[in-house]
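Me: Could you zoom in on one helix for me and tell me how it sits in the fold? Throw in a word on a pocket too, and keep the cut-offs in.

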Amino acid sequence: MLEQLIPVPRKVETDSVDLAAPPDLVWAYVRHADLGDSPLTRALFALRTLPSPHDPAAPATTLSIDQLHSSSTHPGFQLLGEDPGRELTVGAIGRVWQLDIPFEHVANAEAYVRFARPGWIKVAWSIRLEPLGQAATRLRFELRVDATDEVAWRLFARYWLLIGPASHFLRAMLLRRLRQHFGSPEEREEARTLAGDERLLDHGCQLTHGITMKATPEQIWPWLLQMGCRRGGFYAIDVLDNGGKASARELHPELQNVIVGDIIPATPNGADGFEVLAIDPERALILGGLFDLGADKQLRFGSTRPERFWQITWAFVLEPLSRSETRLHVRARAAFSPRERLRLAWMRPIHALMQTTQLRHLAARAEGRLPRDTALDVAAGVAGAAIMTLAWLTPFLRPLRNHWGLSEQEASSPRPGDECVPEPRWSWTHALDVDATADELWPWIAQIGSDRAGFYSYQWLENLAQCNVRNAETIHPEWAHKVGDDLLLHPAMPPLRVVTVEPARSLVAVA
């Protein structure tokens with residue numbers, strides 16, 4: 001609606017707030033409430049465009065949008081468009097920089113758009129409501145301003161330097177008042193009923209966290225399924241909860257087949273972990289555990305509680321907010337024997353730290369905004385640089401390094417590709433024993449390249465040289481080289497040409 005009134009504005013300002021109420025309740029309040037002398041009323045007229053208080057014929061200060069009327073005798077702001085329950089648009093035409101603002105009355109939205117008499121400013125604003133899931137609303141306030149000629153715009157621009165900060169402040173008060181009235185979704189999150197609550201009704205502790213992601217449930221769900229130590233990690237603080245191993249930065253198809261009853265490992269060693277209690281694809285993943293502290297073992301969740309125990313649920317619930325946004329609610333509940341209450345005192349802050357970190361890192365993965373290099377990549381690169389420096393300082397060891405991983409005699413044996421450079425002036429041959437079959441190892445070799453799976457090397461160092469690589473964590477069949485493909489070493493260098501591909505035997509590339 002606002003774009004129809006002022007399609008090419010010279011000034012646009014937008015604000016938004018998320019409210020813990022469905023759109024119909026928010027609409028009724030904003031559209032019809034008797035607001036009185038509130039920040040909301042003042043914010044709606046933040047440009048000082050109320051009727052002049054010196055005009056005895058001017059109507060009383062507008063108390064609600066219902067009372068916004070413009071006429072030829074008392075021109076001013078008026079409702080120019082409305083989509084009940086979703087959007088309303090208000091506008092006025094005036095010389096807002098004058099002390100007693102003269103307004104120009106127009107009959108309707110069409111007349112507003114056609115008005116082009118020089119010397120006037122067009123001001124319009126809209127309130128638009130967007131449902132967020134089942135019980136929340138995003139309210140967007142947008143202001144647009146245009147002028148009918150350059151002289152009017154210059155006068156307005158000087159006026160806005162004075163009134164602009166007050167306008168921002170008053171709109172902020174408007175949003176704050178609305179948030180105080182309805183509450184925010186985050187504030188109401190702890191009180192909401194979520195999937196998995198029924199699994200542990202006698203809990204002694206409950207902690208709820210959440211994050212809104214610019215991603216769909218379909219994009220988030222695979223990251224949840226592959227959680228766990230010795231799996232994709234927990235995306236939190238890997239030094240504390242994943243044995244120091246970096247959490248997955250890619251989706252691993254082989255980790256997606258999770259079923260109810262599985263135990264998701266919680267530590268780098270040992271069989272204990274989180275039991276999968278329920279799976280509702282792309283909606284809810286419910287984990288839990290019952291731990292016998294006396295016997296130091298895990299029991300099935302539905303077993304009889306022992307004398308000393310901890311029983312927990314850990315629920316991940318996805319709520320679509322729009323076509324491109326999803327709220328991930330995470331709730332942990334715990335029941336425990338009386339002697340364990342002291343343990344709760346130090347577990348709560350640790351859980352809060354780990355949970356909020358996990359949510360941030362999950363969002364970065366689902367939204368596709370992970371940094372190319374992590375702190376672990378940098379640390380590995382620094383170690384690699386130290387090794388290279390040592391090699392540079394020990395040129396007398398170069399002959400040994402030329403056949404690293406195998407004997408000099410083995411290194412001199414013929415290899416595929418030797419015929420491409422029959423009389424080399426320099427060469428090296430390296431080898432490594434891998435605890436895997438050739439068929440298992442081959443797909444990793446077949447996808448190397450700076451524009452494919454990287455080189456499984458010191459990624460940070462290579463990126464310092466502008467290689468722009470990201471070492472793959474899993475196999476991408478679509479990246480496998482074929483004869484005639486380019487094998488790129490660096491974006492700025494001519495590629496090698498793949499001349500031999502013998503699966504599970506050899507790959508040869510030449511320049």
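Reply: Packing here goes by contact, meaning heavy atoms within 4.5 Å. This is a predicted model, so to speak: local features need pLDDT of at least 70, side-chain atom pairs count only at pLDDT 80 or more, and totals for chains, interfaces and linings use all residues. Residues are numbered from 1 along each chain as its sequence is written, and side-chain values use heavy atoms, with hydrogens and water left out.

Your helix is H10, residues 375-393 (helices are DSSP runs of H or I with at least four residues, strands are E runs of at least two, both numbered from the N terminus). H10 has 19 residues and spans 27 Å from first C-alpha to last, close to the 27 Å expected at 1.5 Å a residue (1.5 Å times one less than the residue count). Its buried residues are Asp377, Gly381 and Gly384 (buried is under 20% relative accessible area, exposed over 50%, with a 1.4 Å probe and protein chains only). They sit on the same side of H10 because they cover an arc of only 65 degrees around the axis, taken from the directions from the axis to the C-beta atoms. That buried set packs against helix H14 (459-464). Flip to the other side of H10 and you find Ala375, Leu390 and Leu393 exposed.

As for the pocket, the second largest one is lined by 38 residues, with Ala266, Phe274, Ile312, Met347 and His351 nearest its centre (a pocket is an open set of 1 Å grid points, over the protein atoms alone, where a 1.4 Å probe fits, with protein on both sides within 12 Å along at least five of seven lines; lining residues have an atom within 4 Å of a point). H9 gives the largest share of that lining, 10 residues.
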